[in-house]
Amino acid sequence: ELVPFKPHGRAVTGHKDGMVCVWNTLTWDLAATIKAHSGAVSSLVSCGSCFVSGSSNDCVLRVWDLCTRDASAARCVREVKLPSEVVRVVACDVGLVVTTKDRTIRTLRTETLTPA
């Protein structure tokens with residue numbers, strides 16, 4: 001999956017090994033590699049200058065701050081432990097919609113990332 005970020009000319013990709021790569025879209029050089037999850041990254045979504053990654057194996061939704069100019073300084077600012085594996089994360093008006101393998105749909109408010 002590829003998620004573009006306009007604020008700093010970046011794109012983010014998620015991978016089977018749990019890594020998330022941050023790319024410079026002007027040069028397409030790799031700007032940073034983040035060990036985001038213990039399992040495959042199943043979903044990525046943009047939330048302003050941050051991105052959210054969901055992993056199919058570790059049942060955790062993570063929000064990463066990409067506000068810094070140095071992509072290698074990206075840090076996890078929020079973790080939400082879910083009762084089942086994440087299938088998909090989608091941005092919506094109220095925040096995020098998260099679907100999980102237990103056939104549940106959860107809405108999380110972007111500002112706090114707590115269940116709505």
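Start with the whole chain on screen: there are 0 helices and 11 strands, where helices (H or I, at least four residues) and strands (E, at least two) are DSSP runs, numbered from the N terminus. Read along the sequence, the pattern is β-β-β-β-β-β-β-β-β-β-β.

Before you click further, note that this is a predicted model, in which local features need pLDDT of at least 70 and side-chain atom pairs count only at pLDDT 80 or more, while totals for chains, interfaces and linings use all residues. Residues are numbered from 1 along each chain as its sequence is written, and side-chain values use heavy atoms, with hydrogens and water left out.

**Stop 1: the whole chain**

Colour by accessibility if your viewer allows. Of the 116 residues of the chain, 45% count as buried; buried means under 20% relative accessible area, exposed over 50%, and partly exposed in between (1.4 Å probe, protein chains only). Among the contacts in the chain with a separation of 6 or more, 30% are between residues 24 or more positions apart; a contact means heavy atoms within 4.5 Å.

**Stop 2: the nonpolar cores**

Now select V12, V20, V22, I34, L44, F51 and L66. These are the residues with the most contacts inside the largest nonpolar core, which has 13 residues. A nonpolar core is a set of buried Ala, Val, Leu, Ile, Met, Phe, Trp, Tyr and Cys residues joined through side-chain atoms within 4.5 Å. Strands β3 (19-24), β4 (30-35) and β5 (41-47) each supply at least two residues of this core. In soluble globular proteins, nonpolar side chains tend to be buried together.

Which residues does I34 touch, not counting residues up to four places away in sequence? Show its surroundings and you will find G18, M19, V20, V22, F51, W64 and A74.

Apart from the largest core lies another, of 10 residues, with V45, L82, V89 and L96 among them.

**Stop 3: strand β7**

Select residues 60-65. Here is strand β7, and 6 of its 6 residues are buried, so the strand is largely enclosed by the rest of the structure. Look along the strand: V60, R62 and W64 point one way, L61, V63 and D65 point the other way, and all are buried. In a regular strand the side chains alternate between the two faces of the sheet.

Add residues 75-81 to the selection. This is strand β8, which pairs with β7 in the antiparallel sense over 6 bridges; two strands pair if DSSP finds at least two bridges between them. To see one of the bridges, pick V63, whose partner in β8 is R78.

**Stop 4: the three-stranded sheet**

Move on to β9, β10 and β11. In that order, these 3 strands form an open sheet with antiparallel pairing. Its edge strands are β9 (86-92) and β11 (105-109), each pairing on one side only. On average, neighbouring strands of this sheet are turned by 25 degrees against each other, direction ignored; the axes are lines fitted to C-alpha atoms, for helices over the stretch in contact, and angles run from 0 to 180 degrees between N-to-C directions.

Follow the chain through the sheet. A hairpin joins β9 to β10 through 2 residues, and the two strands pair over 6 bridges. Pick V86 and you can find its bridge partner, T100, in β10.

Next, 5 bridges join β10 (residues 95-100) to β11. Two of them are easy to find: G95 has R109 as its bridge partner in β11, and V97 has T107. The hairpin formed by β10 and β11 has 4 residues between the strands, and R103 in the turn has a positive phi of about 65 degrees.

**Stop 5: two threonines**

Zoom in on T13, in strand β2 (residues 10-14). Is T13 buried or exposed? At 13% relative accessibility, T13 counts as buried. Its side chain makes a polar contact with the side chain of H15 (2.8 Å) and another with the side chain of W23 (3.0 Å). A polar contact is a pair of N or O atoms within 3.5 Å; within protein, one must be able to donate a hydrogen and the other to accept it, and residues adjacent in sequence count only if both atoms are side-chain atoms.

Then select T25, in the loop between β3 and β4. T25 counts as partly exposed, at 28% relative accessibility. Leaving aside its neighbours within four places in sequence, T25 is in contact with G9, R10 and A11.

**Last stop: the cysteines**

Finish with C76 and C92. C76 is partly exposed, with a relative accessible area of 31%, and C92 is partly exposed at 34%. A search of the whole structure finds 0 disulfides, a disulfide being a pair of cysteine sulfur atoms within 2.5 Å.
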